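Okay everyone, thanks for coming. Let me put the structure up on the screen, and then we'll walk through it together.

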Amino acid sequence: MTDAATCCPRCAHTVIEHLFTSPVPGVWDVLQCGRCLYCWRTGEPDRRTRRDAYPDSFKLTADDIDNAPEVPAVPPLAVPAVHRWSER
């Protein structure tokens with residue numbers, strides 16, 4: 001893994017999981033933070049992969065994560081409507 005794997009760009013957590021590797025060896029890896037679950041590909045620009053270049057307005061702290069409101073559940077998928085033309 002590259003230097004981008006030393007800490008999470010979003011929350012600075014140091015537990016980083018390696019999820020995937022490029023089909024072409026050495027091109028990119030997909031990493032995920034163990035605390036905030038942010039995922040990134042090592043081949044992306046620094047503003048997505050490096051803490052010092054990540055936008056300040058999107059950075060999180062451990063307190064931000066611990067005190068975040070509950071994320072609402074994703075509703076079930078809607079049943080597709082049957083089209084009259086498909087009944088013929």
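Let's jump straight in with a charge and a ring. Find Arg41 for me: it lies over the face of Trp28, at 5.5 Å from the ring centre. Before we go on, please keep in mind that what you're looking at is a predicted model.

Now let's step back to the overall layout. How many helices and strands does the protein chain have? There are two helices and three strands. If you read along the sequence, the pattern goes β-β-β-α-α. And how much of it is buried? Of the 88 residues in the protein chain, buried ones make up 22%. One more number for the whole chain: take the contacts with a separation of 6 or more, and 40% of them come from residues 24 or more positions apart.

On to the sheet. The three strands form an open sheet, in the order E1-E2-E3, with antiparallel pairing. Which strands sit at the edges? Those are E1, residues 16–21, and E3, residues 39–41, and each of them pairs on one side only. On average, neighbouring strands in this sheet are turned by 25° against each other, ignoring direction.

Let's look at how the strands are joined. E1 and E2 run antiparallel, with five bridges between them. If you want a spot to click on there, Glu17 stands opposite Gln32 in E2. On the other side, E2, which covers residues 29–33, is joined to E3 by three bridges, and this pairing is antiparallel too. Here the spot to click on is Leu31, which stands opposite Trp40 in E3.

Stay with E2 for a moment. Is it mostly covered or mostly open? Mostly covered: five of its five residues are buried. Here's a bit of background. In a regular strand, side chains alternate between the two faces of the sheet. With that in mind, look at E2 from both sides. Asp29, Leu31 and Cys33 are on one face, Val30 and Gln32 are on the other, and all of these are buried.

Next, follow the chain out of E2 and into E3. These two strands make a hairpin with five residues between them, and in that hairpin Leu37 takes a positive phi near 70°.

Right after that we get to the aromatic residues. How many aromatic pairs does a search of the whole structure find? Two. One of them is Tyr38 with Trp40, and this pair is stacked, at 5.5 Å centre to centre with 20° between the planes. The other is Tyr38 with Tyr54, and this one is edge-to-face: 5.6 Å centre to centre, with 75° between the planes. Where do those two tyrosines come from? Tyr38 lies in the loop between E2 and E3, while Tyr54 lies in the loop between helix H1 (46–49) and helix H2 (62–66), so the pair ties together parts that are 16 residues apart in sequence.

Put the pairs together, and Tyr38, Trp40 and Tyr54 form one aromatic cluster. Are its members buried or exposed? Tyr38 and Trp40 are both buried. For Tyr38, the relative accessible area is 12%, and that makes it buried because the cut-off is under 20%. Tyr54 is buried too, at 8%.

Last topic: charged pairs. A search of the whole structure finds two salt bridges. In one of them, Asp52 is joined to Arg50, and the closest N and O atoms are 3.6 Å apart. How open are these two? Asp52 counts as exposed, at 64% relative accessibility, and Arg50 counts as partly exposed, at 27%.

The other salt bridge is where the side chains of Asp56 and Lys59 meet, at 3.1 Å from N to O. Asp56 is exposed, with a relative accessible area of 61%. Lys59 is partly exposed, and its value is 24%.

So, to recap: we have an open sheet of three strands, a middle stretch, E2, with five of its five residues buried, an aromatic cluster made of Tyr38, Trp40 and Tyr54, and two salt bridges. That's my tour, thanks for listening!

Technical notes: Residues numbered from 1 in each chain as written. Predicted model: local features only at pLDDT ≥ 70, side-chain atom pairs only at ≥ 80, totals over all residues. Heavy atoms only, no water. Pairing = 2+ DSSP bridges. Helix = DSSP H or I, 4+ residues; strand = E, 2+ residues; numbered from the N terminus. Axes fitted to C-alpha atoms, helices over the stretch in contact; angles between N-to-C directions. Phe/Tyr/Trp six-rings, centres within 6.5 Å; stacked < 30°, edge-to-face > 60°. Buried < 20%, exposed > 50% of the residue type's maximum accessible area, 1.4 Å probe, protein only. Lys NZ or Arg CZ within 6 Å of the ring centre and 35° of its normal. Salt bridge = Lys/Arg side-chain N within 4 Å of Asp/Glu carboxyl O. Contact = heavy atoms within 4.5 Å.
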